[in-house]
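Trainee: I would like to go through this structure with you. Could we begin with the ligand and then turn to the chains?
Mentor: Certainly; please have it open in front of you.

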Amino acid sequence: MTTAPTTEVHPAPDGPLVVACLRIGDLRPTVDPLDGTVTRDRLGVGLSPADAAALEHALRLAEAWSGRVVAVCVGPESVEPVLRDVAALGATVMRVPLGDEGDGHRYVGELAEDEHGLARTLVAALAPFGAPDVVLCGDRSVDRGTGALPAYLAHELGAAQALGLVVLGPVTDSAGRQALLAERRLDAGWRERLNVPLPAVCSVEGAGVRLRRASLAGALAAEGEPVPVARSLAVVAAPGPGSFHAGAPQPFRPRTRVLPAPHDDDPRLRLLTLTGALVAHEPPTVVEPADAAEAADVLLAFLARHGYLDDTRVTIPERAATEDDAP
Amino acid sequence: MSGTTTNGTTGPEPLEFDAVVVGAGPAGASAALALARAGRRVVLVERGPFPGAKNVYGGVVYGRVLDDIVPGWWDEVPVERWIVRRSTMMMTGTQSLSVDFRTDAWGSAPYNGMTTLRCHFDAWLAGKATDAGARLLTSTVATGLVRDGDGRVVGVRTDRDGAELHAPVVIACDGVNSFLAKEAGLLARAEASHHTLGVKEVLDLPPGAINERFAVQDHEGVDVEILGCTREIPGGGFLYTNADSVSIGVVVSLPELAASGVRPEALIADLKAHPSIAPLLRGASLREYAAHLIPEGGYDTMPALAADGLLIAGDAGAMTLAAGLWLEGVNFAIGSGYAAGRATDRALSRGDCSAAGLASYRADLEAQFVLADHKRLRKAPSLVLSERVQQHYPGLLCDLAEGMFTVTNPTPKPGGLKLTRTVAARHGVKLRQLAGDTLRGLRIFG
Ligand SMILES: Cc1cc2nc3c(=O)[nH]c(=O)nc-3n(C[C@H](O)[C@H](O)[C@H](O)COP(=O)(O)OP(=O)(O)OC[C@H]3O[C@@H](n4cnc5c(N)ncnc54)[C@H](O)[C@@H]3O)c2cc1C
């Protein structure tokens with residue numbers, strides 16, 4: 001892949017390492033209403049609310065732990081002004097070049113197709129800084145990100161993961177170790193509170209915190225500075241056959257359900273019959289899988305049963321397939 | 001870092017420069033460029049995320065002013081189209097009369113005017129300043145002037161924790177209705193009658209359609225200035241071709257717009273629906289719309305341009321030339337900004353940044369087009385915005401043309417004078433007034 005080095009990255013001094021993986025893109029891309037072509041403008045490039053929240057959380061954690069923040073972005077040269085703004089906040093920044101050739105737009109498509117490759121690339125690029133204690137990402141970028149990256153990052157780093165958070169803060173666990181306390185939304189206005197051990201990868205919603213502004217001195221110091229570019233770092237290719245590879249996203253097409261024509265003469269009753277209103281429904285089945293592997297099996301079985309998975313590519317475990325309408 | 005600011009409060013240590021330029025529009029970028037070239041430490045403060053992010057204008061920049069500042073500018077400027085056709089159109093609701101001029105001379109170097117988008121043009125010009133060594137501070141608002149014990153301006157306060165930028169000279173290029181010029185007491189409270197409101201839409205249109213409908217080739221553009229399209233409100237309209245879009249808008253007197261109760265977008269809608277304009281825009285779709293004030297008072301309403309430690313340039317100094325046939329502001333901003341930068345450099349060399357030490361700025365502007373044109377055309381705004389020119393002449397001229405070109409057989413053709421008299425009477429204009437205005441126009445523009 002790409003490309004030549006520009007500036008050497010110098011790892012920051014010791015201290016807990018908090019990494020913000022930022023996806024920087026056009027915040028208001030135009031979409032052709034006829035053919036769906038997405039056109040991005042380099043002048044619209046910025047941090048999505050979720051990425052801005054991730055950066056703010058990273059800065060707060062580093063402050064609380066007297067640590068350092070490294071902000072990294074995989075992208076073309078057009079992301080550099082935004083990284084300079086991030087540097088003005090005191091973070092060490094690094095760009096991993098991708099898509100510098102051509103118009104720099106193709107990269108987004110490439111990344112969306114291979115988030116696992118992207119995660120491996122990021123982990124390789126971060127190696128000079130040492131092992132991260134926390135990695136923060138936005139839960140979803142504006143330009144069609146899948147939100148899968150943090151999960152892949154956790155996998156690559158062997159770290160705990162907590163995704164889609166609204167609250168995140170530092171705590172000390174019962175053994176006196178640094179850890180994280182996080183909250184995420186559940187249905188019906190509930191929230192779940194998670195104790196997350198380190199190292200961890202967390203993705204956060206664009207809510208709850210507002211990215212701080214750089215000081216005048218910080219903004220001036222960062223202005224015009226070259227943005228360090230990771231040294232010629234080939235994007236680590238996607239894993240080989242045998243692993244799961246998500247294809248291009250398909251439009252949501254639920255299966256057709258054939259309903260018998262209602263017999264009532266009264267239109268209101270026909271409507272009630274058709275919509276199923278006022279009919280008692282079976283409540284959703286709540287399953288409590290013992291571990292993450294079992295949960296994944298249950299989810300896969302549900303998806304397969306409802307026609308979302310191509311059965312030739314996924315083997316459904318026997319046990320899970322017998323569960324009824326799990327989620 | 002912390003220290004004591006000039007107003008006695010404790011805050012971050014002020015940052016020192018030779019000059020602070022506020023506003024990275026064409027005036028500010030040019031001022032910073034002049035200073036950076038002179039080897040001065042200059043910071044250009046811009047509230048938008050990048051130069052040009054927040055700036056609105058009609059669409060044509062006349063580049064002659066750049067010849068000395070950026071030699072060979074036409075090879076690198078982010079141009080949309082080079083203007084080769086210029087039309088002046090008078091219209092009523094159902095008629096239009098155009099004087100259409102076209103020349104190949106404007107279609108090749110050194111060119112005359114170009115359409116360009118401000119987000120690209122301003123960023124390009126500010127890039128020249130930073131290439132020369134100016135520092136650019138974006139997303140930062142200058143919130144006020146900093147003065148020393150003698151009341152001299154010695155810097156600006158910013159919205160970044162109230163931190164200050166200090167320098168012996170501040171150049172206010174913060175555009176029309178300049179808060180800094182007002183704070184310095186140079187600009188009085190905004191007088192609505194000295195301002196017009198410009199509203200415009202940018203409409204997407206494929207390049208092929210533009211070429212065909214406006215009778216131009218790729219890279220060639222058209223500038224149409226329109227009179228008689230703003231109902232009873234004094235003003236005018238414009239239509240410019242960009243590479244793959246057109247800019248259409250109106251500029252109207254602020255107090256009269258307010259008094260009329262008409263929404264400005266309704267005026268654009270009228271213009272777009274006019275039978276002479278609608279076919280040009282068929283199928284176009286809205287990309288963006290914007291509105292902005294224009295300081296149209298001209299020479300007689302310009303503020304003093306210097307105070308101790310302060311200069312003002314561009315629209316902050318009311319330098320847009322809006323004289324009917326012309327709506328030029330960007331070139332005046334560049335000319336005045338560059339001159340302000342050079343005057344600051346001279347004042348710094350002499351160690352005298354008082355108003356007197358900065359006085360060479362005004363002298364410079366008087367000697368070049370910026371104030372020379374304004375002075376010569378000082379009476380133009382009142383003529384162009386006068387009731388007869390606005391309300392009567394467009395219809396009168398259109399009717400005159402209709403009378404001349406309507407074939408009335410078997411009735412013989414009317415004589416020119418008789419026709420003029422009849423048409424003038426129909427529009428409530430006396431021939432004496434017509435002759436008087438023609439003479440006045442010749443005196444102003446001749
Ligand atoms: C509708 C319309 C049509 C026009 N058509 C034309 C045309 O076709 N051709 C032409 O030549 N001229 C035209 N003009 C005039 C032209 O736009 C102006 O004359 C020109 O932009 C003036 O440049 P400037 O640098 O003085 O100010 P501006 O371009 O207004 O720039 C001021 C800059 O200062 C920044 N700023 C303001 N306050 C602060 C602050 N407190 N702190 C930091 N930054 C600040 C702003 O963000 C901006 O970038 C038109 C104007 C309008 C409104």
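**The ligand and its surroundings**

Mentor: This is a predicted model. In the shell around the ligand, 16 residues are nonpolar, 12 are polar and 6 are charged.

Trainee: Which residues come nearest to the ligand?

Mentor: Of the 34 residues around the ligand, the nearest are B:Glu46, B:Gly58, B:Val60, B:Arg118 and B:Asp315.

Trainee: What does B:Gly58 offer to the ligand?

Mentor: A polar backbone atom of B:Gly58 is 2.7 Å from a nitrogen atom of the ligand. For B:Asp315, a backbone N or O atom lies 2.8 Å from a ligand oxygen atom. B:Thr320 uses its side chain: an N or O atom there is 3.0 Å from an oxygen atom of the ligand.

Trainee: How much of the ligand does the protein cover?

Mentor: The protein covers 96% of the 990 Å² of accessible area that the ligand has on its own.

Trainee: Which element gives the most to that shell?

Mentor: That is β19(B), with 3 residues. As for domains, domain 1 and domain 2 of chain B each provide at least three residues of the shell.

Trainee: Changing topic, how many residues of chain A are in contact with chain B?

Mentor: There are 10 residues of chain A in contact with 19 of chain B. The two chains bury about 1,200 Å² between them, with 62% of it on carbon and sulfur atoms.

Trainee: Which three residues of chain A supply more of its buried area than any other three?

Mentor: They are A:Arg213, A:Leu216 and A:Leu220, which supply 53% of the area that chain A buries against chain B.

Terms used:
Residues are numbered from 1 along each chain as its sequence is written. Chains are lettered from A and ligands numbered from 1 in the order in which they are written. This is a predicted model: local features need pLDDT of at least 70, side-chain atom pairs count only at pLDDT 80 or more; totals for chains, interfaces and linings use all residues. Side-chain values use heavy atoms; hydrogens and water are left out. A residue is near a molecule or strand if one of its heavy atoms lies within 4 Å of it. A polar contact is a pair of N or O atoms within 3.5 Å; within protein, one must be able to donate a hydrogen and the other to accept it, and residues adjacent in sequence count only if both atoms are side-chain atoms. Accessible areas come from the Shrake-Rupley method with a 1.4 Å probe; for residues, only the protein chains shown count as cover. Helices (H or I, at least four residues) and strands (E, at least two) are DSSP runs, numbered from the N terminus. Ala, Val, Leu, Ile, Met, Phe, Trp, Tyr, Cys and Pro count as nonpolar, Asp, Glu, Lys and Arg as charged, and the others, Gly among them, as polar. Domain bounds come from an automatic or database domain assignment. Contact means heavy atoms within 4.5 Å. Buried area is the accessible area (1.4 Å probe) that two parts lose on being put together, summed over both.
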